[in-house]
Amino acid sequence: MEYGRRQVGVIVNGSLIGGLEMKLDPYCSVEDVRAGTFVVIEGEKSRFFCMVTDVRLDSTNPQVLANPPDETADLMRQVLHGTTTYGTVCLRPLLMTAKEDDIPEQHNEPHVVKTIPAHFAVVREAEEDDVSQVFGSEAYSKRYFHIGRPLDMETPVCINLERFTERSNGIFGKTGTGKTFLTRLVLAGLIQKKQAVNLIFDMHSEYGWEVQKEAEQQQQGFVKGLKQLFGVSVASFTLDPDSARRREVQSDFTVKIPYSQITVEDIASLAEELNLHATAVESAYLIVNRYKGNWLSTLLNQDPAALKEFAEEVGAHPESISALYRKLSRLKTFKFLAERVAVDAVEKIMECINKDIHIVLEFGQQSGFLSYMLVANILTRRIHDLYVDKTERYQATKRPEDKPKHLVITIEEAHKFLNPVAARQTIFGTIAREMRKYYVSLLIIDQRPSSIDDEVLSQVGTRITALLNDEKDINAVLTGVSNASWLRSVLASLDTKQQALVMGHAVPMPIVIRTRDYDETFYAAVGYTPEGPGLKQKAAANITDLFGDC
Amino acid sequence: MDEAAIGEVIGSSSTELTAESRQLHIAPPFGSFIKVEQRHETIYAVVFNASTQSLDPNRLATAYHLPEEELRAEHPQIFELLKTQFEAVTIGYEHAGVLRHHLPPQPPRLHSFVYACHLTEIRRLTAYMGFLRALMRVDRVPRDELIAATLRNAATVYGEDERRFLVQAGKELVKLVGDDYEMLTSILQRVQS
């Protein structure tokens, strides 16, 4: 195991809490050492896996620094290098394995670091074997999914999808840092490895079908969507059938929501978007008292002139009712809302879920925040209620066929749903706090994690973070992570594209990765077969099978 | 004294030896490697001092104000009364084919012959940087001059590897001079020039 392992230095200082310091070998250049890369310390009885967190220049003699050798004093520079002047690298040990447990080709599970190596322990560059030992490999088990590579190696880094789906998770990063690609990767992994059923609220129609790549990337203009990669396993629902038709994509179902499904809680959580005053919301409750489920329909059908009488009828202040009426009239413009609806969208969704079919709900042109939040809230609230019932029934009968399918709901612009105020009102806050009690968890995508409620953030199990440079956002993403100070510098030093820091429940230690390329190789790896005319017909046939003629 | 010998030991101690040059005015160069061949062992040393003076300590040399050729022609006896001697610090010894880089158990015997070292011997002696420590012990001449001269002499036998040898020696020196950055600079400047 010792061949060809390049030594980079020896341990000279450090502590368990503060991290270790390594004196860089004179044969290694300081410039070759990068923050976020992976090294291994060979202790006497254990092996320590560490990440480089800081690089520093040191000298034994301040006189040398006060009178540095000039450019021509070559011999002096060479003599001083590594003796009087040398590099010190700060390492953070994250995992250790006992050397005596080594079995080649098998997974030696690492555990938390409880001690440190002795003085002068040799430090070497990490190699492919080390990475697979720590992060698992797709070869060991189905639960590992290859998500990228470390900064300076070609070995795949895997996340443990079983542990990923045990909690809610988040994908964060500034705008333009590739969150969408990361999300597609993760979703593709969940779908391929059949770890959970996904319901994706696709605000900008980015996940279902083909999307144009940004100009800088490779020659081909379009990346494949989940529906194209996984065919019948993914159902494409839409709120805006016209938009779908214009883009020439096939959607499996058009979602329409009847007014009767909208509750006052749904409106309340949109109070900010709708610019509704609290009293106006209170008046809505008065309408509900009188008209029960039909409250919204009744309100919107009122003649504006007759509002005063209506207000008296329900016992509310006329101004409040007016305001309510005015603001809620916006809802009349939404084509996906209707008085009566032939097929219940939620039923269709549950049908798909029970058949292990994943759902991408596209919003087409209805991609404003208001419609996004409204629809996501309404559908999720009902699905959650159904799930609670199912779970309770399962707990009673304990039959395997009653076990609810694990559902992961993906929402974008999560700070709109999960800011401290909204988190208390929306169903998403509830789901985040419940963890997996009712078999539902979230995948939140966001560029402003500082706007998300702290309590919710601390429940996020795994965080995949692309570049963030706002201090507040960085602090937010590191909430609930122990000893996070060293991760701060790593986060701020990520490349703008194709690099992310993965940390949390699904990985044994935080790691910086270069994200896996989302290209033909990936498509082939998840089992995509290229399109042919036969495929379209097959798809059409399947749709008819599932849904009847829509 | 055989033809190759350059001197004869006239004084010795555990750490140093003094020898008289075979020829007047011709002592081995400052900082060069010499050896004393004895029956069972060879002792190696580095020359740190050379001097020429009168044989009779009561009679000091005085000036004649004449060029050397004329002086030899008119007063040849003067040169009979002078001797050149050199001192060297012991850096190691070889016994039964094994070279050891520490002081020999016994000092060199008086009246043994002194020879200059071959290139291969110099290479073997300088393969281990311990000789620098021996040079540091000398306090009667400026250490930086001595070490620089020794390194210059040693470097010549390395040919293409000269730079690598010098850098290695320099790194060893850093440990020996400790905080004395001035000393280090002085030595390396003298080596490079």
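Helices of at least four residues and strands of at least two are counted here as DSSP runs, numbered from the N terminus.

**View 1. Overall make-up of chain B in the predicted model.** The secondary structure of chain B amounts to seven helices and seven strands, and along the sequence these elements follow the pattern β-β-β-β-α-α-β-β-β-α-α-α-α-α. The C-alpha trace of chain B spans about 55 × 40 × 30 Å along its principal axes.

**View 2. The contact between chain B and chain A.** Chain B contributes 14 residues to this contact and chain A contributes 19 residues, and the two chains bury about 1300 Å² between them, with 64% of that area on carbon and sulfur atoms. On the side of chain B, the residues that lose the most area to chain A are Lys171(B), Tyr181(B) and Leu188(B), which together account for 45% of what that side buries.

**View 3. Polar links across the contact, and the helices of chain B that take part.** Between chain B and chain A there are five residue pairs in polar contact, counted where both residues are at pLDDT 80 or more, and the count of salt bridges is one. In this salt bridge the side chains of Arg163(B) and Asp74(A) meet at 3.8 Å, N to O. Helix H6 (162-177) and helix H7 (181-192) of chain B each supply at least two residues of the side that touches chain A, and H7(B) gives the most to that side, with seven residues. Sorted by class, the side of chain B that touches chain A holds seven nonpolar, three polar and four charged residues.

**View 4. The open sheet of chain A and its edges.** This sheet of 12 strands in chain A has mixed pairing and the order E9-E8-E23-E22-E21-E10-E20-E19-E11-E18-E14-E15. Strand E9 (157-160) and strand E15 (253-254) of chain A stand at the edges, and because each has a single partner strand, one side of each is left without a neighbour in the sheet. At the E15(A) edge, strand E14 (residues 234-238) of chain A pairs with E15(A) in the parallel sense over two bridges, and Thr238(A) has Thr254(A) in E15(A) as its bridge partner.

**View 5. Two helices that pack on the sheet of chain A.** Helix H14 (residues 345-354) of chain A lies across strand E11 (197-202), E14, E15, strand E18 (358-362) and strand E19 (407-411) of chain A, and runs at about 170 degrees to E14(A). Helix H15 (residues 369-397) of chain A also packs on the sheet, where H15 touches E11, E18, E19 and strand E20 (440-446) of chain A, and the direction of H15 makes about 160 degrees with that of E11(A).

Terms used:
Residues are numbered from 1 along each chain as its sequence is written. Chains are lettered from A and ligands numbered from 1 in the order in which they are written. This is a predicted model: local features need pLDDT of at least 70, side-chain atom pairs count only at pLDDT 80 or more; totals for chains, interfaces and linings use all residues. Side-chain values use heavy atoms; hydrogens and water are left out. Contact means heavy atoms within 4.5 Å. Buried area is the accessible area (1.4 Å probe) that two parts lose on being put together, summed over both. A salt bridge is a side-chain nitrogen of Lys or Arg within 4 Å of a carboxyl oxygen of Asp or Glu. A polar contact is a pair of N or O atoms within 3.5 Å; within protein, one must be able to donate a hydrogen and the other to accept it, and residues adjacent in sequence count only if both atoms are side-chain atoms. Ala, Val, Leu, Ile, Met, Phe, Trp, Tyr, Cys and Pro count as nonpolar, Asp, Glu, Lys and Arg as charged, and the others, Gly among them, as polar. Two strands pair if DSSP finds at least two bridges between them. Axes are lines fitted to C-alpha atoms, for helices over the stretch in contact, and angles run from 0 to 180 degrees between N-to-C directions.
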